[in-house]
Amino acid sequence: MIRRLPWLAASLSAIAAREAAGQSFIDTRVLYYKESGDRTEVLNPNVLVHQDLGPTWGALDLHLAYDAISGASPTGAYPTLDVTTSASGKTVAGGSVPVAKYHDARKAGTLSYSNKFGAHLPSIDVSYSKENDYTARSFGFSDAWTMAQGRGTLHYAFSIARDIVAPVTNKLRLDKSTNGYALGWTWIVGERDLLDVSGTLLGLSGYLDDPYKIVPIGPTATGSSPDHRPDTRSRRALLAKYGHYYPWDGALKFTYRYYWDDWAVKGHTLDLVYDQKLESDWIVSPEIRYYTQTAASFYGSRFVTPQPYMSGDYRLSPMDSILGGLGVSHKLENGSSVNAGVTFQSQTGRDRLTPLATSPAATRVTSTSPADLTVVTVTLGYTFNY
């Protein structure tokens, strides 16, 4: 399932948006996400209403979103060379990664209030989302404290989430808790340079398994066991962002993120975005991003014997990905704007699986990985100022 990113992860960009906004606006967007191989497909319309209440009363934000999710997801089962037929009558080619079809709908809302007090810009956020098997509830607080004659800003935040996992395969209601913290510093290095460094910590506890995935067991992977993971997880990240403005109305933004957790997953992300203003009302923004991660300590494509913790979830496997994209924004005469963007991502798993042959007639194929996929994302947006 595609879950809502934790509120904490977006806290820095939210602070920046509130500081930049000087009037009320309505921002509407539609996102379309599509994975290759008839896997996950998402249509996400959402709207953000920012109401400026004046210098005394601050600002109020309401964000509403709806996700229509469908497609198929890898089950964790080991691929074989045999041709199989699903219950719906669809033929699955030998060597393919086993998947299970699903569909879901998620409705989400976030209400935020912010008000400037002296050098501080505090904000509180309350969020709620609901889908067939998952209910998310969270509360957060953040603050941006300007100092050093306006050249530096200390930003910090914390959030709590109390979620409920209710798998459709049973009638259980399982608790999941998340506590998050963030601390960072933004510094105006010069008249054309801006630097931001920050760190985040997320502590998860409760039910962290994936109830829809299995783990292959035995030398020939003919047996299986449910996915089972530790009931706690500590996730940490360090982030550095640097921006430089060029006199020809261009800006280069560089981001590096290092992630690690106590499940032994480590990740590196490098992201480059270049904004080029054309004339007075167009901005073109090409982007390139590279990501790599190691595997969780209990990940495996198959296990000879059962272990205390086991998962065949490709999201916990070693993988690499590269993304390229292009965004375009156009400012209209009334001060409103329209924007569009498209990204293409290619992802490759480093844990290569050689499909097993259970039939003498099976044809040998090359290695594969559940993490192998390509993703296309398209966004369209319109912002109306009032």
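Author: Before we start, a polar contact here is a pair of N or O atoms within 3.5 Å, where one must be able to donate a hydrogen and the other to accept it. Keep in mind too that this is a predicted model.

Reader: Okay, so how many helices and strands does the protein have?

Author: Strands make up nearly the whole list of elements you'll be looking at here, so let's count them off. The tally is one helix and 20 strands.

Reader: What is the mean pLDDT, and where does it fall below 50?

Author: The mean pLDDT of the protein is 90, and 88% of the residues reach 70 or more. The start of the chain is another story: that stretch has 50 contacts in the model beyond near neighbours in sequence, yet its pLDDT is below 50. The stretch in question is residues 1–21.

Reader: What share of the residues counts as buried, and what share of the exposed area comes from carbon and sulfur?

Author: The protein has 386 residues, and 40% of them count as buried. About 20100 Å² is exposed, and the carbon and sulfur share of that is 63%.

Reader: Among contacts between residues at least 6 apart in sequence, what percentage joins residues at least 24 apart?

Author: Contacts between residues at least 6 apart in sequence are the pool to look at. Of these, the portion joining residues at least 24 apart is 59%.

Reader: Is Asp210 buried or exposed, and which residue does its side chain meet in a polar contact?

Author: Asp210 sits in the loop between strand S11 (193–206) and strand S12 (214–217). Its relative accessibility is 11%, so it counts as buried. Setting aside residues up to four places away in sequence, it touches Asp227, Arg229, Asp313 and Arg315. The side-chain polar contact, at 2.9 Å, is with Arg315.

Reader: Let's move to Ile217. Which residues is it in contact with, leaving aside those within four places in sequence?

Author: Ile217 belongs to strand S12, and it is buried because its relative accessible area is 13%. Its C-alpha atom is separated by 9.7 Å from that of Gln307, 90 residues apart along the chain. The contacts are Thr222, Gly223, Ser224, Ser225, Phe303, Val304, Pro306 and Met310.

Reader: What is the phi of Gln149, and what is the phi of Ala221?

Author: Most residues other than glycine have a negative phi. Gln149, in the loop between strand S8 (134–147) and strand S9 (152–165), has a positive one despite not being a glycine, and so does Ala221, in the loop between S12 and strand S13 (223–226). The values are about 55° for Gln149 and about 60° for Ala221.

Reader: Which of these two, Gln149 or Ala221, is buried and which is exposed?

Author: The cut-offs are under 20% for buried and over 50% for exposed. Gln149 has a relative accessible area of 81%, so it is exposed. At 17%, the buried one is Ala221.

Reader: How many cavities of 30 Å³ or more are there, and which residues line the largest?

Author: The structure holds two of them, and the largest contains about 50 Å³ of space. Its lining is Gly76, Ala77, Tyr78, Pro79, Tyr299, Ser301, Gly312, Leu353 and Pro370.

Reader: Why does Pro79 count as buried, and how far is its C-alpha atom from that of Ser367?

Author: Pro79 is one of the residues lining the largest cavity, and its place is in the loop between strand S3 (59–74) and strand S4 (84–85). It counts as buried because its relative accessibility is 1%, where the cut-off is under 20%. Ser367 is 288 residues away along the chain, and the C-alpha separation is 9.8 Å.

Terms used. Residues numbered from 1 in each chain as written. Predicted model: local features only at pLDDT ≥ 70, side-chain atom pairs only at ≥ 80, totals over all residues. Heavy atoms only, no water. Helix = DSSP H or I, 4+ residues; strand = E, 2+ residues; numbered from the N terminus. Buried < 20%, exposed > 50% of the residue type's maximum accessible area, 1.4 Å probe, protein only. Contact = heavy atoms within 4.5 Å. Areas by Shrake-Rupley, 256 points an atom, 1.4 Å probe, with all protein chains shown as cover. pLDDT = per-residue confidence, 0-100. 1 Å grid on protein atoms, 1.4 Å probe; cavity = no way out; pocket = protein on both sides within 12 Å on 5 of 7 lines; lining within 4 Å. Points joined across faces, edges and corners; volume = space filled by probe spheres on them.
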